[in-house]
Every structure is written in C-alpha cells, then in structure tokens.
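Hello,

Here is the structure I promised to pass on to you. Please have a look at it first, and then read my notes below.

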Amino acid sequence: MSVGLLALLDDVAALARVAAASLDDVVAQAGKAGTKALGIVIDDAAVTPRYVVGFAAARELPIVWRIAVGSLKNKLLFLLPGALLLSYLVPWVITPLLMLGGLYLCYEGAEKILHALVPAPAQAEDTVATGPQDAQAQEDQRVRGAIQTDFILSAEVMALTLASLTTESTVTQAAILAVVGIGVTLLVYGVVALIVKADDAGVALAANDRPASTLLGLRAATPGAASGPDRALRPVTRGFGRALVVGMPYFLSGLAILGTAAMLWVGGGILLHGLEHFGVTAPAHRVHDAAKWMAAAVPSLAGAAEWLTTATLSGLGGLVVGGLTIPVAQFVLAPVTRRVRALLGSAKAQAAPAGH
C-alpha cells in the first residue's frame, strides 16, 4: 500500500514538474512575443488618450475602462479563436496577413509624418454636447471608434504573437495568446489611465498646502495651519505638480513621435521577414550585413549599434513603403469605401419603409 502511495506521489510530482515547465515556456514565449509588439503597444498608448478629450474629468476613467473591456473582448473572444483556426486550417495565410498588417503600420506611420509636415486644413473641433443624452451618445460613439481602432492594432499584436511561437500545442498557443492579449491590454490602458489623470494629479499637488498631512491622512482630523513637515514638503509637491501640468503636453508629443517611429520600425521589419519567407532575401540580408558592420565598427556598443541599425533601416524601408501606399489609399481605397458606404446607406433607407 505504501509503495503504491509513493508511486502515486512520484507521478503527481512528475506531472507538477511538467506543468511548471509548460508554464515557464508559456511565460517565456509570451514575453518574447510581447516585445515584438512593442511598436504597436506604444502607438496604442499614444493614440487612445485623445478619445477622452472634451469630456468631464469624472468620465475619463470610465471611458478608458469601457475601451479596455472592448479591447479584451476583441482579443479573447474574436482574435484569439480566429488566429488559432487560421493556424490550424490555413497556416499558409498567417504570413500574408502579417505582411498586410505590417503594410498598414507603415501606411499609418507615413501618413502621420505627412500630416506633421503638411498639416491638413483646419476643421471644426469635435465638441461634446451639453445635453446628457447627447453627451452619452457622443461618449458611446467615441468608445465604439476607439474599440474599432483597437481591433486593427490588436489583430496585429495577435498575429505577431502567433507568428513568433515555437510550440505546436494548440493549448499552449491559446495560453500564450491569452497571456499576451491580457498583458498588452493591462499595460496599454493602465498607462493611458495614468496619462489622462496626470494633469488632474498635478493640479491637486500644486494646490495642496498641507501635503504631509494629506499623505498621513491627518488633514481632516487636524484642521488649521500647515505643520513643519507640510511646509518642508510643500515646495517639492508643488514643483512636481506644476511640472506634471506643464510637461504632459510635451510627454504626449514625445510619445506620439516614438509611437510613429516604432510603427515604421515594426512594420518595415514585418515586411522584410515576410519577403524572406517568400524567397526575396536580398533586402533583409542587406539590413543584416549593415547591422553587423556597424556592430563591428563600435565593438564597445556592438549590441546597441546592431539593434539601432536594424531598427533604423527597417523604419526607413517602412517609411518608403508607407509613402507609396498613401496615394493608393487616398485615391483608390478611400473613394471605393465611400461609394460602398453610400450604397449601403441607400439600401438601408430603401428598406426602412418596408420594415415599418
């Protein structure tokens, strides 16, 4: 009996070791895949705060929460099972879809640079209506728009993750996709929540004349003049609060620039690897050779020099490709899209009387 129990415990321990190894593999591959989606994550964090502009401060975090929940639904309910089905039924389609996503990233990055160099004509700003029903309708519209934009970026994140996996186990693939999807969503929208409330926090810090008492929870209990610690800490908190208020616009601008550069770098890299997959190896080899040459030229910073060269050349390639797609998008795809929407709207208008 004791021998059977020991054998059972040994089997349980072996299973536990296998499970732990599998979990380590999931975490390791999820971390590796998540770093490849860094450019998309940065751009998502830079773009999302604009969806709460114009709303009351009390609605900012609820709006971010609604968008985050929609992003999780995009990843876990639609994109994750869709990616697994594609990889199981038609695995050859993953690389073309990934390249299509890379092309989209290059287009987005190039378009942002074009708009920065040649600003579009000024348009009336989108203001929030004063009526509660109108404000709620506009909030719903903003949230829908943000979730739709997130769907495209999330699809690229999941495709990048799937393409980088080395395991053939469907369960492990699903676990890694889920970990990356949840992790990216928490990272992006956690950062967005901090960004949209940073100015409010800065104003509160700058206006607080009793920071030490507030920090210790003594302000309500001991009203009156500021204490010695309050007076000592007040210049620091006021200075930090004012720096937050003044610095946030510059931080957002820098984040937007970094996001644009990352989109071009990631998009260009995706296209290079995709071309290699289809036998067009010369562009990727040229970038690789240039990176190795730069690493050899600066041996003390070989790793950084190699990475920076690869990212720069991939970004420049992405910028060229993205620039070439702008006329196609503006003069071919945009008119076709408007025409299709007009036809659909006309069809709905004609079907409405019949429905009544």
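How many helices and how many strands does the chain have? There are 10 helices and 0 strands, where helices (H or I, at least four residues) and strands (E, at least two) are DSSP runs numbered from the N terminus.

A word on the source: this is a predicted model, in which local features need pLDDT of at least 70 and side-chain atom pairs count only at pLDDT 80 or more, while totals for chains, interfaces and linings use all residues. Residues are numbered from 1 along each chain as its sequence is written, and side-chain values use heavy atoms, with hydrogens and water left out.

**The chain overall**

Of the 356 residues in the chain, 33% are buried, meaning under 20% relative accessible area with a 1.4 Å probe, protein chains only. Taking contacts (heavy atoms within 4.5 Å) between residues at least 6 apart in sequence, 77% join residues at least 24 apart.

**The cores**

The largest nonpolar core (buried Ala, Val, Leu, Ile, Met, Phe, Trp, Tyr and Cys residues joined through side-chain atoms within 4.5 Å) has 28 residues, and Ile67 and Leu177 have the most contacts inside it. At least two residues of this core come from each of α2, α3 (57-89), α5 and α6 (170-207). Leaving aside residues up to four places away in sequence, Leu177 touches Leu80, Ala83, Leu84, Met158, Thr161 and Leu162. Another core, of 8 residues, lies apart from the largest one and includes Leu98, Leu105, Leu160 and Val266.

**The empty spaces**

On a 1 Å grid over the protein atoms alone, a cavity is a set of points where a 1.4 Å probe fits but cannot get out; a pocket is an open set with protein on both sides within 12 Å along at least five of seven lines, and lining residues have an atom within 4 Å of a point.

The largest pocket has a volume (the space filled by probe spheres set on the points) of about 1100 Å³. It is lined by 37 residues, and Leu100, Gly101, Tyr104, Glu108 and Ile152 are the closest to its centre. Two or more lining residues come from each of α2, α3, α4 (94-117), α5 and α10 (302-355).

There is also 1 cavity of 30 Å³ or more, with a volume of about 40 Å³. Its lining includes Asp44, Tyr51, Asp150 and Tyr189. The helix α5 gives the most to that lining, with 4 residues.

Enjoy exploring it!

Terms used:
Buried means under 20% relative accessible area, exposed over 50%, partly exposed in between (1.4 Å probe, protein chains only).
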